[in-house]
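Trainee: I have a new structure open and would like a close look at a single part of it. Please pick the part that helps most in reading the fold, and walk me through it from strand to strand.

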Amino acid sequence: MNYNPTQDEIDFVNKSLEDFNSRKVGADNHQLLNIVEYDENRNVIAGILGGTYWGWMHIDILFVAEKYRKMGLGSKLLQAAETEAIKRGCHSVHVDTMSWQAPEFYKKHGYRIIGELNNIPCGNKKYHFVKELINET
């Protein structure tokens, strides 16, 4: 067993699973969905990183620099990503967040908890959220 595979070996495993999944349920048509926000000097101050696949949007990271929090940037990024996901034909979105990060933010935006992991790290939780997207056009 190799605990330090090469990038080619990692790519092989990823491609093999992708091929298997495609044969079972069709191509996932994964597209990155990444949006950033800048300050007046074009420094990145916030961003949402994720993608769309099989009719879902996933959020890997939503971050706002501490100086710019509580100014609506997170909400602005989330709304922009959800709007783009709807344009791509997505019906739902999923995300996970830690107990010290943003569970209340996602609840405020209509996300509901579908699962949680306890003691990750010890004394904390990881929440898994989903939200149905509504096409209002």
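Mentor: Happy to! A word on naming before we start: helices and strands are DSSP runs, at least four residues long for a helix (H or I) and at least two for a strand (E), numbered from the N terminus. Keep in mind, too, that this is a predicted model.

On that basis the chain has three helices and six strands, and reading along the sequence gives the pattern α-β-β-β-α-β-α-β-β. There are 137 residues, of which 28% count as buried, and the C-alpha atoms fill a box of roughly 45 × 45 × 35 Å along the principal axes. Among contacts with a separation of 6 or more, 52% are between residues 24 or more positions apart.

The part I would pick is the sheet. It is open, has six strands in the order β1-β2-β3-β4-β6-β5, and its pairing is mixed. At the edges are β1 (31–38) and β5 (112–118), each of which pairs on one side only. On average, neighbouring strands are turned by 20° against each other, with direction ignored. Helix α2, residues 73–87, packs on this sheet, where it touches β1, β2, β3 and β6 (125–132), and its direction makes about 150° with that of β1.

Now let's zoom in on β3. In general, the strands of a sheet pair through backbone hydrogen bonds, in either a parallel or an antiparallel way. Both ways turn up around β3. On one side, β2 (residues 44–53) runs antiparallel to β3 (residues 56–64), and eight bridges join the two. They form a hairpin with two residues between the strands, and W54 in the turn has a positive phi of about 45°. For landmarks along this pairing, find T52, which stands opposite M57 in β3, and G50, which stands opposite I59 in β3. On the other side, β3 and β4 run parallel, joined by four bridges. M57 is worth a second look here: it faces T52 of the hairpin, and its bridge partner in β4 is V93.

From there, follow the order of the sheet past β4 to β6. Strand β6 holds Y127. With a relative accessibility of 15%, Y127 counts as buried, because buried means under 20%. Leaving aside neighbours within four places in sequence, Y127 is in contact with V95, D96, T97, S99, P103, I113, G115 and E116. Of these, G115 lies 12 residues from Y127 in sequence and 6.0 Å from it in space, C-alpha to C-alpha.

Last, see what borders on the sheet. The largest pocket holds about 710 Å³ of space. It is lined by 26 residues, and the closest to its centre are L62, R69, Q101, A102 and F105. Two or more lining residues come from each of β3, α2, β4 (92–98) and α3 (103–108). Strand β3 gives the most, with six residues. By class, the lining has 14 nonpolar, five polar and seven charged residues. So if you keep one strand in mind, let it be β3: it is bridged to β2, it is bridged to β4, and it gives the most residues to the lining of the largest pocket.

Conventions:
Residues are numbered from 1 along each chain as its sequence is written. This is a predicted model: local features need pLDDT of at least 70, side-chain atom pairs count only at pLDDT 80 or more; totals for chains, interfaces and linings use all residues. Side-chain values use heavy atoms; hydrogens and water are left out. Two strands pair if DSSP finds at least two bridges between them. Axes are lines fitted to C-alpha atoms, for helices over the stretch in contact, and angles run from 0 to 180 degrees between N-to-C directions. Contact means heavy atoms within 4.5 Å. On a 1 Å grid over the protein atoms alone, a cavity is a set of points where a 1.4 Å probe fits but cannot get out, and a pocket is an open set with protein on both sides within 12 Å along at least five of seven lines; lining residues have an atom within 4 Å of a point. Grid points are joined across faces, edges and corners, and a volume is the space filled by probe spheres set on the points. Ala, Val, Leu, Ile, Met, Phe, Trp, Tyr, Cys and Pro count as nonpolar, Asp, Glu, Lys and Arg as charged, and the others, Gly among them, as polar. Buried means under 20% relative accessible area, exposed over 50%, partly exposed in between (1.4 Å probe, protein chains only).
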